[in-house]
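Here are a few notes to read alongside the structure. Take them one at a time, with the view open beside you.

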Amino acid sequence: MAGEPTEILRAFEISPFLSSFFRNNFSCRDDLAKSRSIADELQERCLELDHDIAGLDERISAVILSYASLSERIDTVIGGIRAELADLCSSPSLSSGISGGRGSDLKSSQQLLAEELPSLAKEVTRVETVRAYAETALKLDSLVGDIEDTVSSSMTVNLQKPFHGNKSEDVQLLAIKSVANAEDILTSTIKLRPQWTNLVSAVDRRIDRALAVLIPQVIADHRALLTSLGWPPSLTSTDFVNQELERKPKLSNPLFLMQGEIKGHYCGNFLSMCCLQELQMQRKARQLVGCKREIALHQPLWAIEELVNSLVLTLERYFSNWVNKPEFIFALTYRIARDFVESMDDVLQPLVDMAKLKGYSCREEWISAMILSLVTFLEKEVFPVYLKCFKDIEVSGAAVHARVSWLHLVDLMVDFDKRMQSLVTSTGLLLTVREDEVLRRISSMSVFCDRPDWLEIWAEIEAKDVLDKLTLEFENEESWKMLIQGDKTAVASENCRGPIIAGSVLRCLSALIERCRPLPSTYLRERFILLTCSRVLMQFMNCLLRRCQEAEGLTALTDEDAMIRVVNSVNAARYCEMVLQGWSEDALLLEMSCDEYDILTSSKNGFFGEEVEQLKGFRIKWAGKLSTVVLRGFDAHFGDYVKNKRQWQEAKGDVFSVSPAFIDALDYLQGKIAKLGGSLNDMDFADVWRSLAGGLDHFIFNGILMVNSKFSDGGVERFGVDFEALLRIFRPWCLRPQGFFPRLTEGLCVLNLGEGVGREFMGSVDKGKWLKRHGIRHLSVTQVDKLIKMRIYRV
């Protein structure tokens, strides 16, 4: 006897709503005792609905009568106005005025025209406006009444009658059609009569109340139909016994299996939901004119949401057991999305197109909804567990395990996003909204959009992992001495002599940049790079500075090993600087550099502009110190040469070679320059030797030519030989090294001037013009005057 209600129900064709009603109220034989009270309740509700319908009929009749009466009165008023206008046109005074009658009659007619016609025209306009308002209001009232009646009728059909044919869908589509007609009138009214805002607002409120009943009803019917279809499909634990979830056979798809009348019911209801959503979008577009409508209007497809929401309830039972094995969660989500995606294209997309729902792809909406459900579970269940483990590191001492687990979870998310996005684009489907919005809708990494604190934790873990690897290389001297081999980039052509440690740092930075590419927001990508790459670069620059300071503190850079230590650091800084400048053309970094805020703050060196400037400042400072150290050493070997002033008074013809006291200084200088030229990168070496040349020019000029020494012809010749020996040291890197010794070159020229030319200078009134005429531009009048007075001419 327990199965008798079920057998009785099978004898009749009933709607899913009634089937659910009977199932809830008559699940067993004992529930039959409640049948009398349930019948009384239903009868009472039916009487109330009948009373409401009768009231609506009376209201409609009253509105029709009112409309007819108002229309007759308006016709009467307009007819009277037309008669008055006809009498006015046929009046004798107007006719005589027009035909050229007496002056008084003409004035009278003109006065009549000036006074009466504007008021008549204004009255006609007012009456026409009232008539248009009344007609529009009556049409809208009639349509809104139809909508409210249809909604009530639809509820009555579900309560009182079996689900015969497409009765419910037909009633719902009728209501939707009435809403569409009302929306057309409202749109036209806003364009033509924007001042009728109260009428539009009143109609919108009534339609909103009707839709607040209709939409949940359509959704409830849809859920009941999904249940009758067998959705969601049954999932057994035997399907998920290992990690190879994706390789198992495809699950059965109820959307492909539905047939006959049930398929017609489902398609009709799906079409109703799509039409309703399209109408709601149109209404929102009208109400949000002047706002950022693309943000406000786009929302998930309701019908797809219902498919996914009912499926998620089943999936979460499995997910909750796999919090510590997230690879199973991602694998199952991908399998479900992949197995049912074809039905989105073949079964549901034609219905969406039929409903003229613009800008929607069922494939994209299905995948987006599946990812959203996964992200919701990650936010509520998975990340809090991992976060707790990370915060308990000091207590449990499991720091490495917590960091590895977090990085493993991110790896799974990145791989999952790539596969899901391949499902979207595998059919050549074009993404339907803006790039960042698309990435957020089809990326599990969007979990960081609402939780930037989790992004900071992830960035901290990534930076810590990279720095742990680099710290070992920082301490390895071989990584500073050995050069990068096989570099075929543009940087290699500049002969930067980059050490291996610089290549390691840049590889880590590149890996971190690639790591953040899947993030669905420019702001998040920029934030991640600042938290990771900037931190790694700062540690690297601190290491460079520490190594140089240690070398300087031990030997003041006089030791060759200490100098090479600084040279290697400068080379590493130069290599990183040039590579970072090249990265500024990368599309990802360029996009962040062109951000509305960064345009005002970023430097010409791109996204890493601040770090590039710091590396540049480090290079310039320590390359300058290398020059200073060499000059200081040259000064130590140069003392005896400076003290020997008698050599400048030798007789001419005794000079055959470089001064012996100068050879030691030149040998030191040549050795240091050769060592720097063989170890320092070409660009910084050029700066160093030019700085050396400038320093030597200043040092020798002031130490020899400006100390009141007396120069004979032989002394000038000796100084010229020594100066030529100095120039030979710099000739391997410059064709005319004299240009880098302007004071010595011009000073030697002055000393070589004849006695008569010297007297000419001394007697010149404008000595400045005399200097220009003789091509002397780097010496002052005082210096030239002193040099000429130091000259001893043979008598």
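1. Let's begin with a cysteine, C749. This is a predicted model, and in it C749 has a relative accessibility of 45%, so the residue counts as partly exposed.

2. Now turn to another cysteine, C533. Here the relative accessible area is 0%, so C533 is buried. Which cysteine sulfur is closest to the sulfur of C533? That of C516, at 7.2 Å, which is too far for a bond, because a disulfide needs the two sulfur atoms within 2.5 Å. For the structure as a whole, the number of disulfides is zero.

3. Next, the overall build. The protein has 31 helices and zero strands. Its chain has 795 residues, and 45% of them count as buried. As for the outside, about 41,000 Å² is exposed, with carbon and sulfur atoms supplying 55% of that area.

4. A word on contacts along the sequence: taking those in the protein with a separation of 6 or more, 78% are between residues 24 or more positions apart.

5. Finally, a helix pair to look at. Helix 9 (residues 260-287) packs with helix 11 (residues 302-319), their axes 8 Å apart and at an angle of about 125°. That angle is why helix 9 is described as oblique to helix 11. On the helix 9 side, the contact is made by Y266, F270, M273, L276, Q277 and Q280, and helix 11 brings W302, A303, E306 and L307. Sorted by character, the residues of this contact are seven nonpolar, two polar and one charged.

Notes: Residues numbered from 1 in each chain as written. Predicted model: local features only at pLDDT ≥ 70, side-chain atom pairs only at ≥ 80, totals over all residues. Heavy atoms only, no water. Helix = DSSP H or I, 4+ residues; strand = E, 2+ residues; numbered from the N terminus. Buried < 20%, exposed > 50% of the residue type's maximum accessible area, 1.4 Å probe, protein only. Contact = heavy atoms within 4.5 Å. Areas by Shrake-Rupley, 256 points an atom, 1.4 Å probe, with all protein chains shown as cover. Axes fitted to C-alpha atoms, helices over the stretch in contact; angles between N-to-C directions. Parallel < 35°, antiparallel > 145°, perpendicular 65-115°, else oblique. Nonpolar A, V, L, I, M, F, W, Y, C, P; charged D, E, K, R; others polar.
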